[in-house]
Amino acid sequence: MKKIFLFALLLFGRCGFSQSNSALLQKILRNSGDSTLQAVMAAPEKFQLQLIYTQIDRDEDNQPAFTTHYLGVDSNLYFYPASTVKMPAAFLALEKLNELRIQGLDAETPMFTGKGQAPQTDVRADTSATQGLPSVAHYIKKIFLVSDNDAYNRLYEFLGQAYLNEKLQEKGYTRSRIIHRLSAPGYDAESNRYTNPVTFSAPGNRLLYHQGEVYSAFESPLQLKQEVRGLGYMDGEGQIVPAPFDFRDKNYVGLQELHDMLQAVLFPEAVPAHRRFNLRPADYQFLRKYMSMLPRESDSPAYPQYSDWDSYVKFFLFGDSKAGIPGHIRIFNKVGDAYGFLTDVAYVVDDENKVEFMVAANIHVNANQVYNDGVYEYDTIGFPVLAQIGRILYQYELERERQYEPVFPER
């Protein structure tokens with residue numbers, strides 16, 4: 001039976017799916033009157049906008065039911081997920097700690113990263129942490145507060161490439177491959193298979209767990225459209241190469257997968273058991289806290305440089321402005337932006353007006369079709385469109401009738 005299940009996962013991973021466009025989404029977006037959004041919707045081949053909108057309705061016991069609407073969603077179409085891969089890495093890092101079942105080992109335990117072969121680097125201290133030491137918990141804070149790349153890289157190294165991907169596939173998240181570090185010079189596809197030795201130590205330098213350097217032989221079964229794309233790319237020496245850019249050795253996580261992973265953490269009881277992450281109640285509470293926290297609200301780590309930029313990693317509703325986010329609105333999310341791709345996957349809550357919904361979107365804004373040159377239409381198209389989509393859906397939710405108002409936990 002297990003072999004049949006795994007075969008089905010691989011077959012689904014190869015075949016993928018596309019969703020029918022929602023008449024409701026098309027109507028409310030087109031009625032917005034926003035000219036930039038209309039231009040994007042009118043050119044699906046160019047901008048490749050994918051959008052998932054999930055309505056949440058509570059019953060008399062406050063239990064949620066979900067109704068999902070789609071626009072342009074195609075799990076066979078490649079997009080670069082950028083920093084959104086940090087979200088499953090954070091979830092699985094907590095799961096791995098729980099599954100080790102070592103007394104005294106938890107997310108706050110100091111985690112020291114060694115180095116095996118070049119170009120690996122080590123980590124022995126973290127001056128942004130209260131105790132000056134790195135830990136899984138502190139890395140996760142950095143990931144959700146400001147999308148720190150090194151924090152993700154250290155969790156990737158703790159997990160190992162094979163463990164990370166096989167865990168996701170076992171849970172049914174088959175439209176994914178996470179196979180490299182981010183913004184880490186010197187690594188190629190082969191060196192990303194090797195992950196650093198990692199040690200967790202208790203006070204007094206008492207060893208709790210040691211994991212040596214690991215090599216992964218993981219091979220992704222994914223076969224996606226437009227993994228080789230564009231007219232050119234900038235190489236490592238700053239020269240434009242007039243040839244398509246090859247994404248086949250790059251990360252990928254489908255938009256539906258990202259949406260479902262977020263749902264599995266925020267609404268675990270509404271998700272089949274096999275698709276949940278092995279997390280403790282304290283893990284859920286920790287993740288929810290930092291997924292919605294703004295940089296200015298954090299003391300450890302502290303980010304004074306973002307004290308007036310609430311939307312630094314919140315693209316929906318507020319991503320086109322540095323205006324402050326009202327205190328009654330919380331956004332639990334993870335964003336990504338690179339190579340002209342913008343992605344956000346979010347759960348939006350308004351305590352005051354009793355509104356909640358989920359939304360995930362990806363857009364491609366690279367008019368010159370040259371990758372890695374830093375010339376993308378983020379500010380003129382990408383951020384404004386995602387922010388406007390968020391505002392349109394939020395306004396629709398404000399006016400949408402509900403039989404029962406949601407009751408949110410105190411924070």
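1. Let's start with a pair of strands in this predicted model. Strand 3 and strand 6 (residues 198–202) run antiparallel and are joined by 3 bridges. You can find one partnership by eye: F112 has T199 in strand 6 as its bridge partner.

2. Now widen the view to the sheet around that pair. It is an open sheet of 3 strands in the order 3-6-7, with antiparallel pairing. Strand 3 (111–113) and strand 7 (206–211) are at the edges with a single partner strand each, so one side of each has no neighbour in the sheet. On average, neighbouring strands here are turned by 25° against each other, ignoring direction.

3. Next, look for the helix that goes with this sheet. Helix 7 (residues 149–159) lies across strand 3, strand 6 and strand 7, and runs at about 90° to strand 3.

4. Which residues have the most contacts inside the largest nonpolar core? They are V136, F277, Y347 and I363, in a core of 121 residues. Helix 11 (residues 378–399) supplies the largest share of this core, 9 residues. Leaving out residues up to four places away in sequence, I363 touches ten you can look up, including V40, F47, F341, I381 and L386.

5. Is N251 buried or exposed? N251 is buried, because its relative accessible area is 0%, under the 20% cut-off. This residue is found in the loop between strand 12 (245–246) and strand 13 (252–253). A polar atom of the N251 side chain lies 2.6 Å from the backbone nitrogen of I179. Residues touching N251, beyond four places away in sequence, include Y78, Y152, R177, I179 and H180.

Technical notes:
Residues are numbered from 1 along each chain as its sequence is written. This is a predicted model: local features need pLDDT of at least 70, side-chain atom pairs count only at pLDDT 80 or more; totals for chains, interfaces and linings use all residues. Side-chain values use heavy atoms; hydrogens and water are left out. A nonpolar core is a set of buried Ala, Val, Leu, Ile, Met, Phe, Trp, Tyr and Cys residues joined through side-chain atoms within 4.5 Å. Buried means under 20% relative accessible area, exposed over 50%, partly exposed in between (1.4 Å probe, protein chains only). Helices (H or I, at least four residues) and strands (E, at least two) are DSSP runs, numbered from the N terminus. Contact means heavy atoms within 4.5 Å. A polar contact is a pair of N or O atoms within 3.5 Å; within protein, one must be able to donate a hydrogen and the other to accept it, and residues adjacent in sequence count only if both atoms are side-chain atoms. Two strands pair if DSSP finds at least two bridges between them. Axes are lines fitted to C-alpha atoms, for helices over the stretch in contact, and angles run from 0 to 180 degrees between N-to-C directions.
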